[in-house]
Amino acid sequence: MRQTFCFGGSRVARRMSERAPMADGCVFCDIARRAPTSTTALLYSDDRVVAFRDINPSAFRHFLVIPIDHIPTVNSLRRTKDDHQLVSHMVKVGKDLLNQDAPNSEEHRFGFHQPPFNSVDHLHLHCLALPFMPSWRQVKYTPLGPLGGFIEAEKLLERIKPEAEVYS
């Protein structure tokens with residue numbers, strides 16, 4: 001079966017625009033579900049997320065943490081307790097992995113690419129232990145203000161923090 005990377009403009013990506021337990025043809029869904037065709041070694045897995053090395057690393061250490069369920073992009077996240085807890089868990093997993101594997105790194109960066117700058121339409125947290133390698137790759141992991149680009153995990157958590165319930 002041909003694997004696709006769920007790029008934003010493809011027919012496959014439009015079919016995968018909604019949340020689902022799994023999306024046919026999504027390479028990250030195959031990794032998360034440990035499909036027989038996936039050869040990706042997992043660094044971490046639980047009932048909500050899996051983590052693995054980026055195949056095209058941009059830093060000294062570059063891991064991805066993805067939800068097992070198919071969530072297309074950060075734009076699919078809502079201000080709910082479940083979404084906030086999921087992203088918080090993804091960040092904790094990423095921090096734990098980098099602290100174990102690159103404890104002497106001077107700086108860690110955690111974040112997500114926002115459409116149209118995301119390369120795969122399956123939510124994925126970039127966990128980077130700097131320095132960037134090569135250094136010009138830092139441009140890909142820099143917020144671009146109103147243009148979007150990269151959003152740091154803490155900023156996303158602020159954006160999706162559930163509103164306090166009002167009791168009368």
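The chain exposes about 9700 Å² in this predicted model, and carbon and sulfur atoms supply 54% of that area. Of its 168 residues, 46% count as buried. Four helices and six strands make up the secondary structure, strung along the sequence in the pattern α-α-β-β-β-α-β-β-β-α. Contacts reach far along the chain: taking pairs at least 6 apart in sequence, 64% join residues at least 24 apart.

Part of the exposed area is a nonpolar patch formed by F117, L144 and L147. Together these three residues contribute about 300 Å² of accessible area. L147 sits in the loop between β5 (125–132) and β6 (150–152). With a relative accessible area of 63%, L147 is exposed, since the cut-off for that label is over 50%.

Turning to the annotated position, the UniProt record, an unreviewed entry, lists H126 under "active site". H126 is part of strand β5 and has a relative accessibility of just 5%, so it counts as buried, the limit being under 20%. What surrounds H126, leaving out residues up to four places away in sequence? The list of touching residues runs to D54, H62, F63, L64, R109, F110, G111, H113, Y141 and F150. With H62 there is also a polar contact between the side chains, at 2.8 Å.

A second histidine, H124, is placed in the loop between β4 (107–113) and β5. Its relative accessibility is 7%, so H124 is buried too. The side chain of H124 reaches back to the backbone oxygen of H122 at 2.7 Å. Beyond its neighbours within four places in sequence, H124 is in contact with F28, L64, V65, I66, G111, F112 and S119. L64 and G111 also turn up among the residues that H126 touches.

T73 gives another view of how loops pack in this model. The residue belongs to the loop between β3 (59–67) and α3 (81–101), yet at 9% relative accessibility T73 counts as buried. Setting aside residues up to four places away in sequence, T73 touches P115, N118, D121 and L123. The C-alpha atoms of T73 and V120 are 8.5 Å apart, although 47 residues separate the two along the chain. Closer to home, a polar atom of the T73 side chain lies 3.1 Å from the backbone nitrogen of N75.

The backbone has a few quirks. The peptide bond from L130 to P131 is cis, with omega near 25°, and P131 lies in strand β5. Another cis bond runs from M133 to P134, with omega near -10°; P134 falls in the loop between β5 and β6. R34, in the loop between α2 (27–32) and β1 (42–45), has a positive phi, near 55°, despite not being glycine. R34 is partly exposed, at 48% relative accessible area.

Salt bridges number seven in total. One of them joins D83 and R19, whose closest N and O atoms are 2.7 Å apart. This pair links distant parts of the chain, with D83 in helix α3 and R19 in the loop between α1 (11–15) and α2, 64 residues apart. Are the two partners buried or exposed? D83 counts as buried at 6% relative accessibility, whereas R19 is partly exposed at 39%.

The side chains of R33 and D69 also meet in a salt bridge, at 3.3 Å from N to O. R33 is in the loop between α2 and β1 and D69 in the loop between β3 and α3, so this bridge ties together parts 36 residues apart in sequence. Both ends are partly exposed, R33 at 34% and D69 at 43%.

E163 and R79 form a further bridge, at 3.8 Å from N to O. Here E163, from the segment after α4 (153–159), is linked with R79, from the loop between β3 and α3, across 84 residues. E163 is exposed, with a relative accessible area of 59%, while R79 is partly exposed at 44%. Finally, R53, R61 and D101 are linked in a network of salt bridges.

Key: Residues numbered from 1 in each chain as written. Predicted model: local features only at pLDDT ≥ 70, side-chain atom pairs only at ≥ 80, totals over all residues. Heavy atoms only, no water. Patch = residues over 30% accessible without salt bridge, like charges linked within 9 Å, V, L, I, M, F, W, Y side chains within 5 Å. Areas by Shrake-Rupley, 256 points an atom, 1.4 Å probe, with all protein chains shown as cover. Salt bridge = Lys/Arg side-chain N within 4 Å of Asp/Glu carboxyl O. Helix = DSSP H or I, 4+ residues; strand = E, 2+ residues; numbered from the N terminus. Buried < 20%, exposed > 50% of the residue type's maximum accessible area, 1.4 Å probe, protein only. Contact = heavy atoms within 4.5 Å. UniProt positions renumbered as here; feature names shortened; annotations may be inferred. Polar contact = N/O pair within 3.5 Å; in protein donor to acceptor, adjacent residues only side chain to side chain.
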